[in-house]
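Dear colleague,

Please find below the structure that I am handing over to you. My notes on it follow directly after.

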2 protein chains.
Amino acid sequence: MTNPGSASRILVIEDDPAIMFGLKDNLEMAGYKVRTAIEGELGVQLARDERPDLIILDIMLPGLNGFEICRELREDGFDMPIVMLTALGQEADVVRGLNLGADDYLTKPFSINVLLARVRNFLRRYRQAELEIVSFGSMELNRTSKELLRDGRVIELTPKEFGLLDYLLQNCGRALTRDQILNAVWGSDLVVTQRSVDRCVTSLRSKIEEKPNQPKLLKTVQKIGYRFDDEERSR
Amino acid sequence: MTNPGSASRILVIEDDPAIMFGLKDNLEMAGYKVRTAIEGELGVQLARDERPDLIILDIMLPGLNGFEICRELREDGFDMPIVMLTALGQEADVVRGLNLGADDYLTKPFSINVLLARVRNFLRRYRQAELEIVSFGSMELNRTSKELLRDGRVIELTPKEFGLLDYLLQNCGRALTRDQILNAVWGSDLVVTQRSVDRCVTSLRSKIEEKPNQPKLLKTVQKIGYRFDDEERSR
DNA sequence: CCATTTGGTCACATCTCGGGTACAAGAATG
DNA sequence: CATTCTTGTACCCGAGATGTGACCAAATGG
């Protein structure tokens, strides 16, 4: 349970003491309550017992590794945001982690400010996840009328484009794998290529981006998938 | 049934007596008629029998919980606004509630003024559903005489066409699924094809649209259903 | 009992979406 | 810098969704 008015609680699972203490100090300085674990078993236990609001999780750990932790928690119905920490060049792992239910990832070494921004973003996310009208930039997506407006003008979207944009907005600031997008927007049953996501992204960009080949909103995350960024909101 | 001109009726389903009475008093002071239920079964019953204009619904309830109430009512075609009340830290639940058809939510403890503002807002949007005469473009629909006039001239509508137009006007600007339309206009018991909706839409268009194949009012929303747009009034 | 109207279904005509393919462009890797 | 993998994008076309005319059954009224 979260106490009204109290600081958000964050669990850091990381075995490298330098990184672990660095995170702890910075997060505490930013006003969060921090618990730490230096290996997997204890991490899972703390997550279960204390139900933190967010978890920062290293992939390479002694004992249970990050994937296993992630999967276990999700299987047990825990749905707090999980941000994974990964060494450079482990993109394949990142895809795996995201598909197992992680929400985002950071590649070491990372800027502490980027981390803090992501954390802030996640802790705020549930509140705006499913409102009737979501605005970003000069546009607003109306889930009731199924319309997208820019400066009050209708931008025609096909059903798939609308569904994709809707899903991306619900997960603003998160890196999403193509699998995640397919499951959410196409439905897990349907069998289509991952390239269909790319195609839909392209056509959506051509309608919402000023310069579709230099997207400001719907960014490509190489080897992973896509991320919707809203500069107004994410800072 | 709703009496034109009378105060809007609000149903409060909430088991905590302190909150329940607080809501009741405040809403009555603001001029609404209030019914209350302290558990789910009774709440659903009252909603069915009295068809309030708006429901304020706690999620945690003895008996049927808020989600179940919400789903049941929506499945039966009730479409009054539902505002959910949720304890802090249940934001994940909120998403679920909104998916089940709730329209808005408030996190306890909430300011009574915020609540009143939301309620007023919802009721304003739905009020025109109760008007005797609704006008759009150069036409007006008279619910008492069951006539549609354009520039003072009668346009002959069949009963089904009238019912459809009436329902669409009550939900002006909202994309409606064929199922919603069937439930509301045909009645949930009757078994007819979804295509009947299409057919009725076509014949209605031929009577109210300038160019029936390029509709300005009664728009198709691909893969969903239809939406009535009134450009004068909306935005 | 017949005439009329309503509205539901069917069948067919359109139209739209979006998947696949193919190739271009770009990014990573060594 | 060359190679290889990833992503962007134009194009075509089939499947499915929607529009629409025709027909018919049921209801209604005289």
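In this predicted model, a polar side-chain atom of Thr158(B) lies 2.4 Å from a phosphate oxygen of DNA strand C. Thr158(A) also reaches the backbone of that strand: an N or O atom in its side chain is 2.6 Å from a phosphate oxygen of DNA strand C. Ser196(A) contributes a further contact, with a polar side-chain atom 3.4 Å from a phosphate oxygen of DNA strand C.

Around DNA strand C there are 19 residues, of which Thr158(A), Thr193(A), Arg199(A), Thr158(B) and Ser196(B) come nearest. Of the atoms of DNA strand C that come within 4 Å of the protein, 81% belong to sugar and phosphate. The surface near DNA strand C comprises 6 nonpolar, 8 polar and 5 charged residues. At least two residues of this surface come from each of helix 6 (159-170) and helix 8 (195-208) of chain A, and from each of helix 6 and helix 8 (195-208) of chain B. Helix 8 of chain B gives the most, with 3 residues.

Turning to DNA strand D, 23 residues surround it, and Thr220(A), Tyr226(A), Arg195(B), Thr220(B) and Tyr226(B) come nearest. Here sugar and phosphate make up 49% of the strand atoms that come within 4 Å of the protein. By class, the surface near DNA strand D has 3 nonpolar, 8 polar and 12 charged residues. Helix 8 of chain A and helix 8 of chain B each supply at least two of the residues.

Phosphate oxygens of DNA strand D are approached from both chains. A polar side-chain atom of Thr220(A) lies 2.6 Å from one, and a polar side-chain atom of Arg205(B) lies 2.8 Å from one. For Lys223(B), a polar backbone atom is involved, at 2.9 Å from a phosphate oxygen of DNA strand D.

One helix pair in chain B also deserves a note. The axes of helix 6 (residues 159-170) and helix 7 (residues 178-186) of chain B come within 10 Å and cross at roughly 120°; the two helices are therefore oblique to each other. Their crossing is right-handed. Helix 6 of chain B makes the contact through Lys160(B), Gly163(B), Leu164(B) and Tyr167(B), and helix 7 of chain B through Gln180(B), Ile181(B), Ala184(B), Val185(B) and Trp186(B). The residues of this contact divide into 6 nonpolar, 2 polar and 1 charged.

With kind regards

Terms used:
Residues numbered from 1 in each chain as written. Chains lettered and ligands numbered in written order. Predicted model: local features only at pLDDT ≥ 70, side-chain atom pairs only at ≥ 80, totals over all residues. Heavy atoms only, no water. Axes fitted to C-alpha atoms, helices over the stretch in contact; angles between N-to-C directions. Helix = DSSP H or I, 4+ residues; strand = E, 2+ residues; numbered from the N terminus. Parallel < 35°, antiparallel > 145°, perpendicular 65-115°, else oblique. Left-handed = near helix turned anticlockwise from the far one by under 90°. Contact = heavy atoms within 4.5 Å. Nonpolar A, V, L, I, M, F, W, Y, C, P; charged D, E, K, R; others polar. Near = heavy atom within 4 Å. Polar contact = N/O pair within 3.5 Å; in protein donor to acceptor, adjacent residues only side chain to side chain.
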